[in-house]
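Thank you all for coming. I would like to walk you through one structure this morning, starting from a single residue and then moving out to the sheet, so please have the view open in front of you.

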Amino acid sequence: TVTVGRAHPSEVQKAEIREVMAGLGYLETMPFTLTNEKTHFQWMRRQSAPECAGAVAVLHPISELHTILRTSLLSSLLEIFAMNQHHPLPQRIFAAGDVVVEKKTRMHLAAASIHSGANFSEIRSVVDAVLRELAITAEIVPSQDGALLPGRGGDLRARDKTLGCFGELHPLVLRSFGLEQPAVALELQWGEL
């Protein structure tokens, strides 16, 4: 049988996202799918987040570092920053991939930047560029996410759903990962759009 293959629509979208983020000066990373509760929730100050209850546990983990499937990409990016502190700043990285919440796979985009001048204006301009380039219309409202500094974070909402968040990371989050410079980040559920 002769057939003609083509890219899956989600891979086409991922390629568009990669192009946009590379154009904004971010390097792509591919973090692990498995993580642990301490890094993913406690260090991110998200113990009471809805994703905590929806985290899928690994039945027989071989390490205490890999006990759940990730519900977010952001903590993985901060782990990458922590492992690469010997590299010069600024560092700007992103990941586009699957997360699992309540046994359902979702596609997320996360990006983070760390350097001495990282601030809300920087990440807001990245969010605006991503929304514009991907033709997404979303409302920005103040965020209550514990990972973000109060008053310096926003949630992206569309069709009465929260699609993501962005802002300056809380100093306690940075300290948990051993980071000494300010960092800003965004995370967006692009599979819902």
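Let us begin at Ser-63, which sits in the loop between helix H3 and strand E3, the latter covering residues 68-69. Is Ser-63 buried or exposed? With a relative accessible area of 24%, Ser-63 counts as partly exposed, because the buried class is reserved for values under 20% and the exposed class for values over 50%. A polar atom of the Ser-63 side chain lies 3.0 Å from the backbone nitrogen of Leu-65. Thr-35 is 28 residues away from Ser-63 along the chain, and the C-alpha atoms of these two residues are separated by 9.9 Å.

Before going further I should say that this is a predicted model, with a mean pLDDT of 89 for the protein and 95% of its residues at 70 or more. Among the elements, helix H3, residues 50-53, has the lowest mean pLDDT, at 60, whereas helix H6, residues 171-176, has the highest, at 95. Where pLDDT is low, the predicted coordinates should not be read in detail.

Now to the sheet, which is open, has seven strands in the order E1-E4-E5-E9-E8-E7-E6, and shows mixed pairing. Strand E1, residues 27-28, and strand E6 stand at the edges with a single partner strand each, so one side of each is left without a neighbour in the sheet.

Starting from the E6 edge, strand E6, residues 139-142, runs antiparallel to strand E7, residues 148-158, and four bridges join them; here Pro-142 stands opposite Gly-154 in E7. These two strands form a hairpin with five residues between them. Strand E7 is in turn joined by seven bridges to strand E8, residues 161-169, again in an antiparallel arrangement, and Leu-148 stands opposite Leu-169 in E8. The hairpin of E7 and E8 has two residues between the strands, and Arg-159 in the turn has a positive phi of about 50°. Further along, five bridges join E8 to the antiparallel strand E9, residues 183-189, where Ala-185 is the bridge partner of Gly-167.

Which elements does helix H4 touch as it packs on the sheet? Helix H4, residues 74-83, touches strands E4, E5, E8 and E9, and its direction makes about 35° with that of E5. Helix H5, residues 120-133, also packs on the sheet, touching E4, E5, E6, E7, E8 and E9, with its direction at about 25° to that of E9.

How values were computed: Residues numbered from 1 in each chain as written. Predicted model: local features only at pLDDT ≥ 70, side-chain atom pairs only at ≥ 80, totals over all residues. Heavy atoms only, no water. pLDDT = per-residue confidence, 0-100. Pairing = 2+ DSSP bridges. Contact = heavy atoms within 4.5 Å. Axes fitted to C-alpha atoms, helices over the stretch in contact; angles between N-to-C directions. Buried < 20%, exposed > 50% of the residue type's maximum accessible area, 1.4 Å probe, protein only. Polar contact = N/O pair within 3.5 Å; in protein donor to acceptor, adjacent residues only side chain to side chain.
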